[in-house]
Amino acid sequence: MTNKLMYFIGNWKMFGDFNSFKIINKINKFNLRNKALSKKIKIILCVPNTLIYPFRKKLKNKFISLGAQNCHYGDVHGPFTGGVSAHMLKKAGTEYIILGHSETRLDGDTNQLIKKKIESSLKQKLKVIFCIGETLKEKNKGKTFSILRKQIKDSITKKFNPKKIIFAYEPVWSIGTNKILKSNDLKKNIKFIKEVCKKNFKIKKSPSVLYGGSVNDKNISFFSSIKEIDGFLIGGASQSSKKFIDIIKNYYK
Ligand code: PGA
């Protein structure tokens with residue numbers, strides 16, 4: 001079993017209220033009982049904006065980090081009704097931010113807009129969880145590689161430090177559908193993302209690349225044999241502390 005640092009990131013999407021802190025409490029208790037394991041994993045919970053500040057105040061240790069799920073592209077403040085900037089999220093206590101998720105791309109995020117969001121998030125010293133992935137149509141047309149390459153190149157300029165960006169490969173057709181890739185395709189695509197980053201940013205060590213899409217406590221063992229994966233972005237199953245903890249436990253079984 002791998003000894004490298006593995007990310008387990010929860011994406012709560014538009015779910016959760018103040019009572020949901022009990023999910024965090026249970027994950028914390030799991031951590032306290034499993035000190036050796038907790039050194040090998042990084043848990044980040046990306047919660048709705050309304051919960052960042054109250055959860056930050058309640059979180060007593062650094063084991064669990066908080067993340068946001070999107071931001072406005074505007075830098076700090078501006079006439080953007082309903083907008084929340086990376087600066088505001090940072091002030092509220094977030095350390096990480098998901099950007100480029102396919103659900104926000106569906107809402108109008110383009111590679112160019114995502115680029116601005118990445119820039120303003122990095123300026124605020126947030127760590128970015130950058131989501132990329134092909135649709136089913138693109139996959140069927142054999143366009144997966146060109147789509148992934150374009151999403152990376154169009155949204156990240158060469159001057160960015162890829163250490164501050166964690167990649168999350170999420171095939172759109174796999175999100176919330178219970179469909180996952182064949183092992184070989186998954187390996188191939190993750191390797192491809194790492195290679196593109198190395199070439200594009202002229203770096204020796206590839207960035208962390210996570211997998212996301214229908215990961216749950218039942219299928220996680222399938223992923224444990226794929227050493228190219230550096231962690232997981234977990235949607236639906238992260239809204240239950242039991243499922244989230246079982247994902248971690250079963251990964252290391
Ligand atoms: P899912 O979502 O685990 O529910 O498929 C993943 C995501 O949207 O990040």
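Start by selecting the ligand and the residues that surround it, which are N11, K13, H101, E170, I175, G176, G213, S214, L233, I234, G235 and G236; a residue is taken to be near a molecule if one of its heavy atoms lies within 4 Å of it. What you have open is a predicted model, in which local features need pLDDT of at least 70 and side-chain atom pairs count only at pLDDT 80 or more, while totals for chains, interfaces and linings use all residues. Residues are numbered from 1 along each chain as its sequence is written, and side-chain values use heavy atoms, with hydrogens and water left out.

Colour the shell around the ligand by residue type, and it divides into three nonpolar, seven polar and two charged residues. In this scheme Ala, Val, Leu, Ile, Met, Phe, Trp, Tyr, Cys and Pro count as nonpolar, Asp, Glu, Lys and Arg as charged, and the others, Gly among them, as polar.

Next, look at the polar contacts of the ligand, where a polar contact is a pair of N or O atoms within 3.5 Å; within protein, one atom must be able to donate a hydrogen and the other to accept it, and residues adjacent in sequence count only if both atoms are side-chain atoms. A polar side-chain atom of K13 lies 2.7 Å from an oxygen atom of the ligand, and a polar side-chain atom of N11 lies 3.4 Å from a ligand oxygen atom. From G236 a polar backbone atom takes part, at 2.9 Å from an oxygen atom of the ligand. On its own the ligand has 290 Å² of accessible area, and the protein covers 94% of it; such areas come from the Shrake-Rupley method with a 1.4 Å probe, and for residues only the protein chains shown count as cover.

Now select K13 alone, which is found in the loop between β1 and α1; helices (H or I, at least four residues) and strands (E, at least two) are DSSP runs, numbered from the N terminus. Is K13 buried or exposed? K13 is buried, because its relative accessible area is 17%, and buried means under 20% relative accessible area, exposed over 50%, and partly exposed in between, with a 1.4 Å probe and protein chains only. The phi angle of K13 is near 55°, a positive value in a residue other than glycine.

In the loop between β1 (6-11) and α1 (21-33) you can also pick out S20. S20 counts as buried because its relative accessibility is 10%, and, not counting residues up to four places away in sequence, S20 touches W12 and F55; contact means heavy atoms within 4.5 Å.

Move on to S214, another residue of the ligand shell, which sits in the loop between β7 (209-212) and α10 (220-224). With a relative accessible area of 14%, S214 is buried. If neighbours within four places in sequence are left aside, the residues in contact with S214 include S174, I175, N178 and N219.

From there, select N178, in the loop between β6 (165-169) and α9. Why does N178 count as exposed? N178 is exposed because it has a relative accessible area of 61%. Leaving aside neighbours within four places in sequence, N178 is in contact with S214 and N216, and its phi is near 70°, a positive value in a residue other than glycine. Although N178 and N219 are 41 residues apart in sequence, they are 9.5 Å apart in space, C-alpha to C-alpha.

A short stop follows at S224, in helix α10, where the side chain of S224 reaches the backbone oxygen of S221 at 2.8 Å. S224 counts as buried because its relative accessibility is 18%.

Finally, turn to the nonpolar cores, each a set of buried Ala, Val, Leu, Ile, Met, Phe, Trp, Tyr and Cys residues joined through side-chain atoms within 4.5 Å. The largest core has 66 residues, of which F8, I43, I118, F167 and F232 touch the most other members. Helix α9 (residues 183-201) gives the largest share of this core, seven residues. Apart from this core lies another, of 12 residues, among them Y96, I166, A168 and L210.

Close with I129 in strand β5 (residues 127-132), which counts as buried because its relative accessibility is 0%. Among the residues in contact with I129, leaving aside neighbours within four places in sequence, are Y96, I166, A168 and L233.
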